[in-house]
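Here is an informal walk through a single model, stop by stop. Keep the viewer open and follow along.

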Amino acid sequence: MASDNKKLGVIALTGVVVSAMMGGGVYNLPQNMAQDASAGAILIAWIITGIGMWFVANTFRILAAARPDATTGIYTYGELGFGRFTGFLMAWGYWISNCFANIGYAVLLMDSLNYFFPPHFKGGNNLLSIICSSIVLWIMYFVVLSGVKQVAFLNIIGTIGKLLPLAIFLVIVIFSFRFSIFSTDFWGLKNVISMHDTNLGGLLPQVKSTMLVTLWVFTGIEGAVVVSSEAKSQNAVSKATFLGFLTCLLLYTALSLLPLGVFTQGEISKMAPPSTAAILMKIVGPWGGWLMNIGVIIAVLSSWLIWTVMLSELPFAAAKTGTFPKIFTKQNSKGAVSFSLLASTIVMQIIMALVYFSSNAWNLMLSITSVMILPCYVVSTLYLFKITVKDDNYPTNIFASLKYALVTGVLGSIYGFWLVYAAGLNYFLIASIIYSLGIPVFMKARKETEPGEPKFTKIEKIIAIGLIVLAILGLFYLIFFKIK
């Protein structure tokens, strides 16, 4: 544990939240959102997402204040609310989700390098890309081994570096904005051939098409909670979560909507990633492409670094309470969680090798990461709902009243289930395979913690069996159908 003078304050924690959320994917946000949605549908999507993610973010703020003992939140909330096996599944799912997210960053990094060195890194997952990504992966491993405080300092620099190109992009787009373009076919219900637009169908399908993207870019909202054991106070965690959420929401909305006043939905939907580079190139020339691709590289490296910290901290915390095997508690002389970090890096290396065989590596990483983390968010909001309904020692001396916390838990849970509906069944079947792979790890941890005792309660046994059945269905789906 770090001493008080080395713990993270509001600014450093806000940097963690922003960096965790704002990876290289934000540079392709205009195309991702416009691919199947009009300006009107995108606006509705951000309103829904802003309100929904506010309740999710507020859940973490309230729980950080109500349960200051529950550091590394996502894992602890699952165990406190719904038992050890649920807590393990949240820790396992969050951990593996982060591993997939980092490999998504690796794909983006190599794809951005391809802009400068075509066609050597084409697609971001050819053989040279895998080799170079692996080198970066192990460099990250040694950087994080130096300790969380040093990483937080590097992350602040990286956060500034990734925001500057986006700020320049937005200023140029604002001066190029024309309302006549923005308002044409605002709801995407016409076929304006001269504008390269097509009829996108009803508003609900358009809004639904954006949901995995909006979830992906908000993944990491819990960043300050996950490293809260390194925070100066839980009040700092709460403030950082709010500031990070507000900063990213405003930026995401502007990045999605303002380009639609310069180019039409149809034009932007066909732009190559990162679409911010394509947009800026068309406005100001080649230097715009250079600027935005450099921004992607800085953003990816910064977020890759902070996610590496987050994913190594969680198994360590889970192991200390006996939910993960004891070996995950190993630390080096600088306080870095050495074995957890090593295991994470090995898992990422395996995923990276598998990415070589994917035809659309970036979209696959985005979708799996988003779906894997959804149960973690839903369980956290349900836990807040549970402690407020039961009035389970809910404190009276924090910023959120019992009624306010109850409303937050209910609406946050409703939003979570809406995301489950919007994501679709296919990716959840794939996610169930990954979740079920953790069952032997849980059993080993239980054997170490309470030898001779049953590994599962009756309810947990039913959950485990159900998960295995879904995993079998997921394997069947993988073999006989293609992921879209």
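## Unusual backbone spots

Let's start at aspartate 185, which counts as buried because its relative accessible area is 12%, under the 20% cut-off. Keep in mind that this is a predicted model. Aspartate 185 sits in the loop between α8 (179-183) and α9 (203-209). What is the sign of its phi, given that aspartate 185 is not a glycine? Phi is positive there, at about 50 degrees.

Two other backbone spots deserve a click. Going from proline 118 to proline 119, the peptide bond is cis, and omega is near -5 degrees. Proline 119 belongs to the loop between α5 (84-116) and α6 (127-144). Then there is glycine 322, just after α15, with a positive phi of about 90 degrees.

## Two helices checked against their length

Helix α15 covers residues 286-320, so at 1.5 Å a residue its 35 residues should span 51 Å. The C-alpha atoms at its ends are 52 Å apart, which agrees. As for its surroundings, 27 of those 35 residues are buried, so the rest of the structure largely encloses α15.

Helix α19 (residues 425-436) passes the same kind of check: 12 residues at 1.5 Å each should span 16 Å, and the end C-alpha atoms are 17 Å apart, which agrees. Most of α19 is covered too, with 10 of its 12 residues buried. Among them are Asn426, Tyr427, Leu429, Ile430 and Tyr435.

## The nonpolar cores

Which residues touch the most other members of the largest nonpolar core? Out of its 144 residues, the answer is Phe218 and Tyr252. The biggest giver to this core is α5, with 20 residues. There is also a second, separate core of eight residues, including Leu13, Ala236, Val237 and Ala240.

Setting aside residues up to four places away in sequence, phenylalanine 218 touches Met21, Trp46, Thr49, Met53, Phe245, Cys248, Leu249, Tyr252 and Tyr377. One of those partners, threonine 49, is in helix α3 (residues 39-66) and is buried at 0% relative accessibility. Beyond its neighbours within four places in sequence, threonine 49 has contacts with Trp54, Met211, Thr214, Phe218 and Tyr415.

## Along α12, and a look at serine 275

Glycine 244 is a resident of helix α12 (residues 234-257), and at 0% relative accessibility it counts as buried. How far apart in space are glycine 244 and isoleucine 221, C-alpha to C-alpha? They are 7.3 Å apart, with their positions 23 residues apart in sequence. With neighbours within four places left out, glycine 244 is in contact with Thr14, Val17, Val18 and Met21.

Threonine 253 is in α12 as well, but it counts as partly exposed, at 22% relative accessibility. Its C-alpha is 6.5 Å from that of tryptophan 46, although the two are 207 residues apart in sequence. Over in helix α14 (residues 275-284) you'll find serine 275, which is buried with a relative accessible area of 0%. Serine 275 touches Tyr27, Asn28, Leu29, Pro30 and Gln31, again leaving out residues up to four places away in sequence.

## A nonpolar patch on the surface

Now for the outside. Leu127, Ile131, Ile135, Ile139, Tyr356 and Phe357 make a nonpolar surface patch of about 660 Å². Leucine 127 is in helix α6 and counts as exposed, since its relative accessibility is 54%, over the 50% cut-off.

## Salt bridges

How many salt bridges are there? The count comes to two. One pairs glutamate 448 with lysine 444, with 3.3 Å between the closest N and O atoms. These residues are four apart in helix α20 (residues 439-449), so about one helical turn separates them. Both ends are partly exposed: glutamate 448 at 26% relative accessibility, and lysine 444 with a relative accessible area of 46%.

The other joins arginine 446 and glutamate 450, whose closest N and O atoms are 3.1 Å apart. Here the ends are covered differently: arginine 446 counts as buried at 10% relative accessibility, whereas glutamate 450 is partly exposed with a relative accessible area of 32%.

How values were computed:
Residues are numbered from 1 along each chain as its sequence is written. This is a predicted model: local features need pLDDT of at least 70, side-chain atom pairs count only at pLDDT 80 or more; totals for chains, interfaces and linings use all residues. Side-chain values use heavy atoms; hydrogens and water are left out. Helices (H or I, at least four residues) and strands (E, at least two) are DSSP runs, numbered from the N terminus. The expected span of a helix is 1.5 Å times one less than its number of residues. Buried means under 20% relative accessible area, exposed over 50%, partly exposed in between (1.4 Å probe, protein chains only). Contact means heavy atoms within 4.5 Å. Patches are made of residues with over 30% relative accessible area and no salt bridge: like charges are joined within 9 Å, nonpolar side chains (Val, Leu, Ile, Met, Phe, Trp, Tyr) within 5 Å. Accessible areas come from the Shrake-Rupley method with a 1.4 Å probe; for residues, only the protein chains shown count as cover. A salt bridge is a side-chain nitrogen of Lys or Arg within 4 Å of a carboxyl oxygen of Asp or Glu. A nonpolar core is a set of buried Ala, Val, Leu, Ile, Met, Phe, Trp, Tyr and Cys residues joined through side-chain atoms within 4.5 Å.
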